[in-house]
Amino acid sequence: TAEAASVYAGPAVRQLAREIGITLGEVSGSGPKGRILREDLRAYVKTRLAAPPATALPTLPDVDFAAFGPIETVALSNIQKATVTNMSRSWLNVPHVTQFDHADVTELEAFRDSLKPEMTQRGNKLTPLPFLLLAVARALREHPRFNASLAPDGVNLVLKKYCHVGIAVDTPQGLVVPVIRDVDRKTVWELAAEARELADKARNRKLKLAEMQGACFTISSLGNIGGEGFTPIVNAPEVAILGVSKLALRPVWNGHEFLPRKTLPLSLSYDHRVINGADAGNFLTFLVAVLGDLRRLLL
């Protein structure tokens, strides 16, 4: 460049600067008449490495909590430490947006109730989770951008031809996310049994590393804990996560009157670099429709 040409430096120094990726105009020369020497490049690199990154976040001030009253310091578990790292990395690198909706699951719950004798016979309890897994798998097939990851180069999208879904499980050691593979190829009974088995393994610290890898999408359910909704953090490199809150009986207007309906609050967080608001709206609308009428899974 014209700027580089005006800098006083020899060919060897210029070549070294190009190899390292240094802009010579930013380097102060210590040689005769301000000539830039190899030593100046080394000093420049040392200075840049010692300086804090330009994008570094301001740190929180240290607080002496003991000054305000009795305290106890408890060490984080290894899982909790990993969660701190992973969630911080995802939150800082992924531009999050969350959309909310309610699914009318009155008919789904009636269907579950009708299966209680078969549950007893099979020894396999059906919670809403396996139905959510099936509905999500169908939604991922209909909306393939949700079953994708942004490539490291930032200009390509990796579309996945498989459907593995993570399920967040709260354990005494912290939050873990076992993965159910090939959700789209399994029955509701198989999904119920596998989800329960993985959750038991997670709580007993028997999960293998391979059982927590490869998810395309994650479901984080608060179950009966409560709450109207929350904003789950995308588990990067996935591009979306579904938060499920407590099922409740609510009045729903049918065009003529309010009727008591069982509704399930849903929160869909997504990576806005890959998914826009219209994509998310269509995905959530499709998911709500399937949960409202399971016959749609046959279409």
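Helices, which are DSSP runs of H or I with at least four residues, and strands, runs of E with at least two, are numbered from the N terminus. The model shown in every figure is predicted.

**Figure 1. The second largest pocket and the contribution of α4.** This pocket encloses about 770 Å³ of space. Its lining comprises 31 residues, and those nearest the centre are Asn86, Met87, Val177, Met212 and Asn235. Helix α4 (78-93) provides eight residues, the most of any contributor to the lining of the second largest pocket. At least two lining residues each come from α4, β6 (174-176) and β8. By class, the lining of this second largest pocket consists of 18 nonpolar, ten polar and three charged residues.

**Figure 2. The largest pocket and the elements around it.** The volume of the largest pocket is about 1000 Å³. Thr127, Pro128, Leu129, Ser221 and Gly223 are the closest to its centre among the 35 residues that line it. Two or more lining residues are given by each of α5, α6 (116-122), α7, β5 (169-171), α8, β8 and β11 (258-271). Helix α8 makes the largest contribution to the lining of the largest pocket, namely five residues. In this lining, 19 residues are nonpolar, six are polar and ten are charged.

**Figure 3. The cavity lined in part by α5 and α7.** One cavity of 30 Å³ or more is present in the structure. The volume of the largest cavity is about 40 Å³. Its lining is formed by Val105, Leu108, Glu109, Pro128, Leu132, Leu247, Leu264 and Leu291. Both α5 (106-114) and α7 (128-142) contribute at least two residues to the lining of the largest cavity. That lining holds seven nonpolar residues, one charged residue and no polar residues. Pro128 belongs to this lining and is also listed among the residues closest to the centre of the largest pocket.

**Figure 4. The largest nonpolar core and the surroundings of leucine 291.** The largest nonpolar core has 52 residues, of which Phe217, Leu242, Leu266, Leu268, Leu287 and Leu291 touch the most other members. At least two residues of this core are supplied by each of α7, β4 (165-167), α8, β8, β9, β11 and α9 (277-292). Helix α7 accounts for the largest share of the core, with nine residues. Residues up to four places away in sequence aside, leucine 291 touches Ala103, Asp104, Val105, Leu108, Phe131, Leu132, Ala135 and Leu266. Apart from the largest core lies another, of eleven residues, including Ala17, Ile36, Leu41 and Tyr44. Leu291 also appears in the lining of the largest cavity.

**Figure 5. The buried and exposed faces of helix α2.** Within α2 (residues 11-20), the buried residues are Val13, Arg14, Leu16 and Ala17. These residues lie on the same side of α2 because the arc they cover around the axis is only 165°. Exposed residues Pro11, Arg18 and Glu19 are carried by the face of the helix turned away from the buried side. Glycine 21 follows α2 and has a positive phi, near 90°. Ala17, one of the buried residues of α2, is also a member of the core of eleven residues.

**Figure 6. Two non-glycine residues with positive phi.** Aspartate 182 is not a glycine, yet its phi is positive, near 50°. Its position is in the loop between β7 (179-180) and α8 (188-203). Aspartate 182 counts as partly exposed because its relative accessibility is 25%, which falls between the limits of 20% for buried and 50% for exposed. Arginine 205, likewise a residue other than glycine, has a positive phi of about 55°. It is found in the loop between α8 and β8. Arginine 205 has a relative accessible area of 63% and is therefore exposed.

**Figure 7. The cis peptide bond before proline 237.** The bond joining alanine 236 to proline 237 is cis, and its omega is near 15°. Proline 237 is placed in the loop between β8 (217-221) and β9 (240-244).

Note on methods:
Residues numbered from 1 in each chain as written. Predicted model: local features only at pLDDT ≥ 70, side-chain atom pairs only at ≥ 80, totals over all residues. Heavy atoms only, no water. Buried < 20%, exposed > 50% of the residue type's maximum accessible area, 1.4 Å probe, protein only. 1 Å grid on protein atoms, 1.4 Å probe; cavity = no way out; pocket = protein on both sides within 12 Å on 5 of 7 lines; lining within 4 Å. Points joined across faces, edges and corners; volume = space filled by probe spheres on them. Nonpolar A, V, L, I, M, F, W, Y, C, P; charged D, E, K, R; others polar. Arc of directions from axis to C-beta. Core = buried A, V, L, I, M, F, W, Y, C linked by side-chain atoms within 4.5 Å. Contact = heavy atoms within 4.5 Å.
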